[in-house]
Amino acid sequence: MQITCTGCSCLCDDITLRFNGEKIEEVRNACRRGAGIYLHHSSNMAKPKVDGEEVELEKALERAKEIIADSKNLVIYGLDTTTVEAQKVAIELAEKMQAYIDDCSTFCLGDFVEMILKGELPTATLEDVKNNAYVITYWGTDPYNSLPRHMSRYTYYPRGGKRQRGYEEDRYLVVVDVRKSHTAKLAKKNARFIKVDDDLELIDAFMKVMNGKAPEKFADDAARVIREMKKADFNVIFGGLGLKYGLNGNYKPFIELTKKLNEISKVYFIPAGFHANMRGFNETLFEKTGCVNRYSFREQKCSNDFAFSRLIESNAVDTALIIGSDPLNSLPFDVAKNLAKINTIVIDPRRSFTSEIAKVVLPSAISGVEQSGTMVRSDGVKVEVKAVVEKDVNDVYLLKDLVRAV
Amino acid sequence: MPITPMEVYKLLPKTNCKRCGEQTCMSFAFKVINREKTIEDCKPLFEEEKYRSQKEKLIKLLEPLNKATETGLIVDESKCVGCANCIVVCPVHAAEDPFGAGSGFGPTIENPILRMENGVVKVVNMEMCRRYGKNRTLCVACRENCPSDAISFLEG
C-alpha cells in the first residue's frame, strides 16, 4: 500500500506499507521519523477525559461545548499537524466565537511564509528545484535532522530535468550555519560551508561583492557563491529557523539581498523545516483574513500580542482549545503552566503533557494514518493524504460538532 | 574503526614461511583483510605455542570482519536516521533504477543494494554493488554522503 507520510513538511508520497493481518509490519522508504508514526501509531492513545477522569466521548464532547459556550475569551492553538479541512472548521469556530487563533508558525517560519504569500520573496516548487537548481543554499537549517529526506528526495542528490549528472557535477551546495552541523558535513566537493556568527555580516558581504567591493569578512566565500550563482538560471535558498532568529525580526536586508541576487541571476526562496501542515494553516488563514497567524477575530487584526504564548503569559484568555499540539512540552514552562489555571480543552490522538492538565481531552485521529485530507508542503504544493484505516471520530468531526453547538 | 593490513602484519609471525601459499606475511595480511584468506590459513600461528597471545589479539582485531558484508560494508543501524542519501547517490541505483532511486524516490527495482526498512538502511542485495566480485572498484559514494557515520567500510 502506497501512502503519503505526514512526519514533516516534506510529505514524501512514496512510502510503502506491508501488513501482517491488520498490523503494519514494515514501512519502506520512510525515514526514521516517518516510520515511527506508522509503526507506533496505536501506542499511547488518548482517552476521552473530563477533569482527569475517563468518561464516554459524548460526555466529554458535551463538557467541551459547555466550556466553549461559556467562554468570553477563547484561543484556538495548534492545528499544524492536522488537515486543511480541519483547519478551515477551526477557523470557522474562531470566527463564530470572536476568538484568537494561532499556531506554532508564530515562533517557527510563519514570517517567511507570509513574505512569500505577499510576493516579497520569489519562490518555486521542490519539483522545479530537483529539475533545475544549481546552487542550493541551506541557510540556518539542518535538514539532515529536521527533514531527513529533503536533500535526497528533492534537492541536492536526485538527478532530474536539466541536472542529470546529479550532485557530482550539476549541483553546488552551500551550507550557512553557526556550527558544523550534520548537513554541513556533507559540503565536500562542489560545496561550501560558511560558518557565521551574525547573518547580517554575510548578507553584507554578498551585497558588497555584487556591488564590486571587497568585503572585510567572507571575501572568498561570498565571491565564490556569487560566481557560482551567475553560472545558472535557477538557484535556491532554503531558509530555516537559524536565519529567522539571526535576522531577529528585521527582514529588510534579506529581502533586499534576494532582490539584488535576482538582478544578476535567478534565485528563489523556500522555507525549510516545520510541521507537516503548518504552511496549510498559514495559507488558509491568509486567504480568509490576510494574516498568516496570531489573529484576533474580535479586533480583526494580527499582532504580536495575540501570539499564543503572550496570551497565556498575560492571562488574557479564559479558555484554550489546543488541537494536535503539546504547548506544555514546547513552550517555556513558566508560560505554559498558566494553562492549568484556565479551561484547557485538548484534541489530540495521543496522550501528551498538556492533556494531563487539561479540563477536557477529546481523542481524535492521526492525520495520514487514521484521517484523510489535504496538506500543504513546505513549497506550497497541495498534497492529498490518504488514511491507512479511516477513523470516524477525527478532527473534522469533533470540530464540526463544536461549531454546531455555538 | 577500519583495520589496516599493517595492524594485521604486526601480529603475524613475520617469518615469511610461505606455508599459507603467500610469498610474504605482508601479502597474507592483505588477503586476510580482503577476505580471500582466513587467519586459520597461517599454520604457525595456530600450531606454535609462542604465538598464542598474538593469535588471540589477532582474532579479536578481526572480529568486525565477520559482521561486515561481503563488500566490507558495515551498517550501524543505531546511527541511521533514514535520510536515504546513500540510496540516491549509489551509482548502481542511478544506472539500474534511474526514475526510482536515481531520481530521489524509493527504489522501484526488485532487489536494490540498499533500502529503507522501518526507518533505517538495510543491505538487501550486495551482489549488485560495485565492490562485489572479482572486477570490483573501491566505490565509497554511500559512506561519503552519510554524515552520521552509520555506513563505514572495513578499509576505512
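**Helix packing and chain contacts in the predicted model**

Helices H10(A) and H11(A) are oblique to each other, as is seen in the predicted model described here. Helix H10, which spans residues 199-210 of chain A, packs against helix H11, residues 219-231 of that chain, at an angle of about 60°, and the two axes are 9 Å apart. An angle of about 60° falls outside the ranges for roughly parallel and roughly perpendicular pairs, the latter beginning at 65 degrees, which is why the arrangement is classed as oblique. The crossing by which H10(A) passes H11(A) is right-handed. On the side of H10(A), the residues that meet H11(A) are Ala205(A), Phe206(A), Val209(A) and Met210(A), and their counterparts in H11(A) are Ala222(A), Ala223(A) and Ile226(A). The contact of H10(A) with H11(A) is made up of seven nonpolar residues, with no polar and no charged residues.

H10(A) also packs against helix H13 (residues 252-264) of chain A, where the axes come within 10 Å and cross at roughly 30°. Because angles under 35 degrees count as roughly parallel, H10(A) and H13(A) are assigned to that class. The crossing of this pair is left-handed. H10(A) contributes Leu200(A), Ile203(A), Phe206(A), Met207(A) and Met210(A) to the contact, while H13(A) contributes Pro253(A), Phe254(A), Leu257(A), Lys260(A) and Ile264(A). By class, the contact of H10(A) with H13(A) has nine nonpolar residues, no polar residues and one charged residue. Phe206(A) and Met210(A) appear in the contact with H11(A) and again in the contact with H13(A).

Elsewhere in chain A, helix H1 (residues 32-39) holds the buried residues Gly34(A), Ala35(A), Ile37(A) and Tyr38(A). These four residues cover an arc of only 155° around the axis, and they therefore lie on the same side of H1(A). The buried residues of H1(A) pack against two strands of chain A, E2 (15-20) and E3 (23-28). A further local feature of chain A is found at Asn315(A), whose phi is positive, near 55°, although the residue is not a glycine. Asn315(A) is placed in the loop that joins helix H15 (308-313) to strand E15 (319-323) of chain A, and with 11 other C-beta atoms within 10 Å it is exposed.

Chain B contains eight helices and four strands, and from the N terminus on its elements follow the order α-α-α-α-α-β-α-α-β-β-α-β. The C-alpha trace of chain B spans about 60 × 30 × 20 Å along its principal axes. Of the 156 residues in chain B, 36% are buried, and among the contacts between residues at least 6 apart in sequence, 51% join residues at least 24 apart.

Helix H2 (residues 25-33) of chain B includes four buried residues, Cys25(B), Phe28(B), Ala29(B) and Val32(B). Viewed down the axis of H2(B), the buried residues fall within an arc of 105° and so line one face of the helix. The spacing is in keeping with a general property of the α-helix, which has 3.6 residues a turn, so that residues three or four places apart point the same way. The buried residues of H2(B) pack against helix H1 (5-11) of chain B, and H2(B) is followed by Arg35(B), whose phi is positive, near 60°.

A positive phi, of about 65°, is also present at Ala84(B), which is not a glycine. Ala84(B) lies in the loop between strand E1 (73-75) and H6 of chain B, and it counts as buried because 28 C-beta neighbours lie inside 10 Å. In the loop between strand E3 (120-123) and helix H8 (141-144) of chain B lies Val124(B), which counts as partly exposed with 14 C-beta neighbours inside 10 Å. When residues up to four places away in sequence are not counted, Val124(B) touches Asn111(B), Pro112(B), Ile113(B), Leu114(B) and Arg115(B). Val124(B) and Thr38(B), which are 86 residues apart in sequence, are 25 Å apart in space from C-alpha to C-alpha.

Between the two chains, 23 residues of chain B are in contact with 31 residues of chain A. On the side of chain B that touches chain A, helix H6 (85-89) and strand E2 (114-117) of chain B each supply at least two residues. The residues on that side of chain B divide into 10 nonpolar, 10 polar and three charged.

Technical notes
Residues numbered from 1 in each chain as written. Chains lettered and ligands numbered in written order. Predicted model: local features only at pLDDT ≥ 70, side-chain atom pairs only at ≥ 80, totals over all residues. Contact = placed C-beta atoms within 7 Å. Nonpolar A, V, L, I, M, F, W, Y, C, P; charged D, E, K, R; others polar. Axes fitted to C-alpha atoms, helices over the stretch in contact; angles between N-to-C directions. Parallel < 35°, antiparallel > 145°, perpendicular 65-115°, else oblique. Left-handed = near helix turned anticlockwise from the far one by under 90°. Buried ≥ 20, exposed ≤ 12 C-beta atoms within 10 Å, placed from the backbone. Arc of directions from axis to C-beta.
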